[in-house]
Amino acid sequence: MKKHVRLVQSKCERVNKEILRYSAISAEMEINMGVKNRMSGNEAVAHAIRQINPDVMPAFPITPSTEIPQFVSNMIANGEVDTEFIPVESEHSAMSAAMGSEAAGARTITATSSCGLALMWEVLYVAASSRLPLTMTVVNRGLTGPLNINAEHSDSMGARDSGWLQIYAENNQEVYDNLLQAYRIAEHKDVLLPIMICQDGFITSHAVENIELEEDEPIKAFVGKYEPEHYLLKAGETMAMGPYATSPYCMEAKRAQAQTMMNAKKVILDVAEEYAAITGRKYGFFEEYRLKDAAFALVAIGSACGTIKDAVDDLRKHGVKAGLLKVRVFRPFPGEEMARALSHVKAVAIMDRCESYSCNGGPLGSELMAAMYRNKNKAEAINIVYGLSGRDITVNDVKDVFERLKTIAQEGVKDTQYTYLGLRE
Amino acid sequence: MALKAKQINETTKWQDLTEGLQIYEPATSKLFETGEWRTQTPEFYEDKCKQCLLCVPYCPDSCIPVVEGQRRAFDLMHCKGCGICEKACPFGAIKMREGK
């Protein structure tokens, strides 16, 4: 018996030694190669917030973004960040406090979803017109009703005309990368606009995926310090923000604000290039997936693009020239660039995870079709509403859309240009 | 270089406005003519005035200047014609008349 125990003990020691050796190797690898990890989209956002270490975070919990303020609160309690967390009584207060702290000169972040974003509505416009470069991580969820908590873009799409920059992510890696670039874009002197960093509720916010994280020091150097030229708590500064503007001034003020959105295009590309130099991960206004020689293309935003890529790969194996244009930047809207990227396709399906009740299609469909028309793009185009309130979209659903595109390319659009995908009827 | 509040007027182009119409000087409200909102105008009868200065703190727009302990003529650039001063005056030295 004793002999047996000794044998087990020695085996255990050997295993322990192996574990120690492997963990030493992996620690070394992490230092040298950036950090490979696995986490959910919300964890990835929280990790990016830890690295950015913003000055202030006012936030109110709402599914599915609740974890973000929760994780940040933990990090504050553990002394990992010195962010000032403001527990507020509503999202209207969260956005108001965010505006106040950003105006005071503090780098500010907040997080929300769905109806929380809707409750911020009034203040969203004021944050943009006051030119306050605060960041909001939006975990996209449909607006009620019917009451539902799942992925849809109606929340941030509803705010598409509020003057905020909007960047969308396909997966947790992208939401992490987008958030790290957010302040560099928003705080640029030619932009100075608030920015929404969006990801799909539950599908990416709660699903755990592999991710490549960057080390703290290069990221802190990349993000840099927030040094606004004017802010309310600046010593010796006498300034007023958000003054009443009579009608002889409002149009000029709005035109000036529109210019900053136009300026953001160059800044977004410049920042992406600088980010790629550090991380090796490249971003633009959109991703062209097997699009260069595609005859049929889908245009979509967010997590569905992963599914569409699988369908494209399958179809390519069978000789179908399928491709995808994945929209990353929705505000400013890269209409001309997208129309150009689609100039050679025969037929395109523009996918909206949002119903805008306009009788004219979803927001992406309406805006992209207008851009295609203006840029004299000859492709046949249809607009498809899909995945509302978290409805799954499958590889076979996507293949059906490509089948439709093949017919449309030959016969033109016969049915209505705006339809639902996977609808029982 | 941002324009001074004094330089901004109804001919200013959008390119020349400050970011978010921010104002980088104090007390620029003095430059803004709010007296044009007036539909009634106070008239000051100096012969009836006892310089009790009761009208001064009642004026919600600080439109009654006081120099060396004496009230002077109304600041009509900012007076909105509310008529409170007329009611505050015990000596009938202020009368409201219709119009600007």
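The legends below describe views of a predicted model with chains A and B.

**View 1. The fold of chain A, with its 14 helices and 15 strands.** The C-alpha trace of chain A spans about 85 × 70 × 40 Å along its principal axes, and its radius of gyration of 24 Å agrees with the value near 22 Å that a compact globule of 425 residues would have. Of the 425 residues in chain A, 52% are buried. Among the contacts in chain A with a separation of 6 or more, 81% are made by residues that lie 24 or more positions apart.

**View 2. The surroundings of Val395(A) in helix 14 of chain A.** Helix 14 covers residues 395-411, and Val395(A) is found in it. Because its relative accessibility is 24%, Val395(A) counts as partly exposed, given that buried residues are those under 20% and exposed ones those over 50%. Leaving aside residues up to four places away in sequence, Val395(A) touches Thr307(A), Asp310(A), Ala311(A) and Asp314(A). Thr307(A) is 88 residues from Val395(A) along the chain, yet the C-alpha atoms of the two are separated by 5.7 Å.

**View 3. The interface between chain A and chain B, where about 1,600 Å² is buried.** On the side of chain A, 20 residues are in contact with 15 residues of chain B. Carbon and sulfur atoms give 67% of the area buried between the two chains. Within chain A, the residues that lose the most area to chain B are Thr238(A), Tyr249(A) and Glu252(A), which together account for 29% of what that side buries.

**View 4. Chain B, whose elements run β-α-β-β-α-β from the N terminus on.** The radius of gyration of chain B is 17 Å, well over the 13 Å that the globule rule gives for 100 residues, so chain B is more spread out than a compact globule. Taken along the principal axes, its C-alpha atoms fill a box of roughly 55 × 30 × 20 Å. Buried residues make up 31% of the 100 residues in chain B, and residues 24 or more positions apart account for 59% of its contacts with a separation of 6 or more.

**View 5. Surface and charge in the two chains, with about 19,400 Å² exposed by chain A and about 6,600 Å² accessible in chain B.** Carbon and sulfur atoms supply 54% of the surface that chain A exposes, and 54% of the accessible surface of chain B belongs to such atoms. In chain A, the mean positions of the 46 positive and 55 negative charges are 6 Å apart, while in chain B the centres of the 14 positive and 14 negative side chains lie 4 Å apart.

How values were computed. Residues are numbered from 1 along each chain as its sequence is written. Chains are lettered from A and ligands numbered from 1 in the order in which they are written. This is a predicted model: local features need pLDDT of at least 70, side-chain atom pairs count only at pLDDT 80 or more; totals for chains, interfaces and linings use all residues. Side-chain values use heavy atoms; hydrogens and water are left out. Helices (H or I, at least four residues) and strands (E, at least two) are DSSP runs, numbered from the N terminus. The radius of gyration is taken over C-alpha atoms; the globule rule is 2.2 Å times the number of residues to the power 0.38. Buried means under 20% relative accessible area, exposed over 50%, partly exposed in between (1.4 Å probe, protein chains only). Contact means heavy atoms within 4.5 Å. Accessible areas come from the Shrake-Rupley method with a 1.4 Å probe; for residues, only the protein chains shown count as cover. Lys and Arg count as positive and Asp and Glu as negative; His and the chain ends are not counted. The place of a charge is taken as NZ of Lys, CZ of Arg, CG of Asp or CD of Glu. Buried area is the accessible area (1.4 Å probe) that two parts lose on being put together, summed over both.
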